[in-house]
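Colleague: Could you take me through one part of this model slowly, as you would for someone in their first year? I would like a close look at how two neighbouring helices meet, and then a word on the setting.

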Amino acid sequence: MAGEGRSVRANAFAKINLTLRVIPAGPGRPTRADGYHELRTVFQSIRLHDVLTVTAVPGPLRIECDDPACPIDRSNLVWRAAEELWALDRRRGAPRDARVVIRKRIPVQAGLGGGSSDAAAALRAFRAFWSLRLSDDRLRDLAVRLGADVPYFLLGGTALGVGRGDVLFPLPDAPLEWIVIALPDFGVSTREAFAWFDSAARQATRARRRLGTSKKGAARISWLPASEQLNDLEEPVSRHKPDIARIVKRLRRAGAIHAAMSGAGSAVFGLFQTRVDAQSACRRLSQPGWSALATRTIGGTAYRSHSCPVPGRASCRIAFEHV
Ligand code: C5P
């Protein structure tokens, strides 16, 4: 296209939460002073990814995306990432002379971290695009400001997240697994999922019952304690969106070693030992209103090398199973 200049491309991988525990901030205090919930979660990167391409195009900053469900205005964290770096570089006014094309493959509002991963990829891509001398630590500070999950996407692999999910401890890479991601035809807002958790927790307190005790985690992932193999948001979200519990059950029946909702939903993941098992589960999941895809986990080292920005355009073919 006339007037276009150089470009930088970065992959943005999705995550699942192998476990997600919500911890009361104190006696009778469900949330922290900043309104966030205290979490203990194990993040795991998967190969499903978006691709961001930043290209030099004269004029105001512009975002284009092939998924109409993805916002292309300032509410997109990619925009905010660009603004943060622009301001940090002491440039005047709003960011300009750049166009970001997002090839969206991570479903939105699915609990797979698509928006946060795009934001982390944008931080990396704009740092390279504008040749900013900015340490990884400074980039992490910006990531924290953009959202609770964004810092994880600067790290990747298997990691324990505490605090808002933004205080991270890298863990040894979990064994490679085949993953089925199953989706109903609706998304879930993270804010709403936590509000449903709070109201379920209040009801449970009145009934003198602990939330989640009816569905104890079973020891399915060998390296994680059984008590941790649980997503505390799954039960309250399933009360409002019963399809989630149905999909979890269907994945278990299809032979998943472990199946649970990811993050605040609406995606549900199932772990499988072989590609054939994962693909056959995908077929068993197909029914009107549900969709499923097979992908794999990705380790920390591969994650970091494949999410490094490279010069280029968004012309690469994306396969869900392969980087
Ligand atoms: O940080 P982020 O904007 O991604 O979070 C979206 C919303 O999810 C927050 O505004 C908050 O309502 C909820 N949240 C929470 N506790 C967390 C993470 C998110 O309550 N640890």
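**How two helices meet**

Modeller: In this predicted model, helix α2 and helix α3 cross in a right-handed manner. The residues that make this contact are A119, L123, R124 and R127 on the side of α2, and D136, L139, L142, A143 and L146 on the side of α3. Sorted by class, the contact between α2 and α3 consists of six nonpolar and three charged residues, with no polar ones.

Two packed helices are described by the angle between their axes and by the distance between those axes. Here α2 covers residues 114-129 and α3 covers residues 136-146, and their axes come within 10 Å of each other while crossing at roughly 140°. Because angles over 145 degrees would count as roughly antiparallel and 65 to 115 as roughly perpendicular, the crossing at roughly 140° makes α2 oblique to α3.

As for the setting, the domain assignment divides the protein into domain 1, residues 7-171, and domain 2, residues 178-296. The centres of domain 1 and domain 2, taken over C-alpha atoms, are separated by 23 Å, and 23 residues of domain 1 are in contact with 32 residues of domain 2. Between domain 1 and domain 2 an area of about 2,200 Å² is buried, with carbon and sulfur atoms giving 60% of it. Of the area that domain 1 buries against domain 2, L18, R21 and Q109 supply 27%, which is more than any other three residues.

Definitions and conventions
Residues numbered from 1 in each chain as written. Predicted model: local features only at pLDDT ≥ 70, side-chain atom pairs only at ≥ 80, totals over all residues. Heavy atoms only, no water. Axes fitted to C-alpha atoms, helices over the stretch in contact; angles between N-to-C directions. Helix = DSSP H or I, 4+ residues; strand = E, 2+ residues; numbered from the N terminus. Parallel < 35°, antiparallel > 145°, perpendicular 65-115°, else oblique. Left-handed = near helix turned anticlockwise from the far one by under 90°. Contact = heavy atoms within 4.5 Å. Nonpolar A, V, L, I, M, F, W, Y, C, P; charged D, E, K, R; others polar. Domains from an automatic or database assignment. Buried area = accessible area lost by both parts, 1.4 Å probe.
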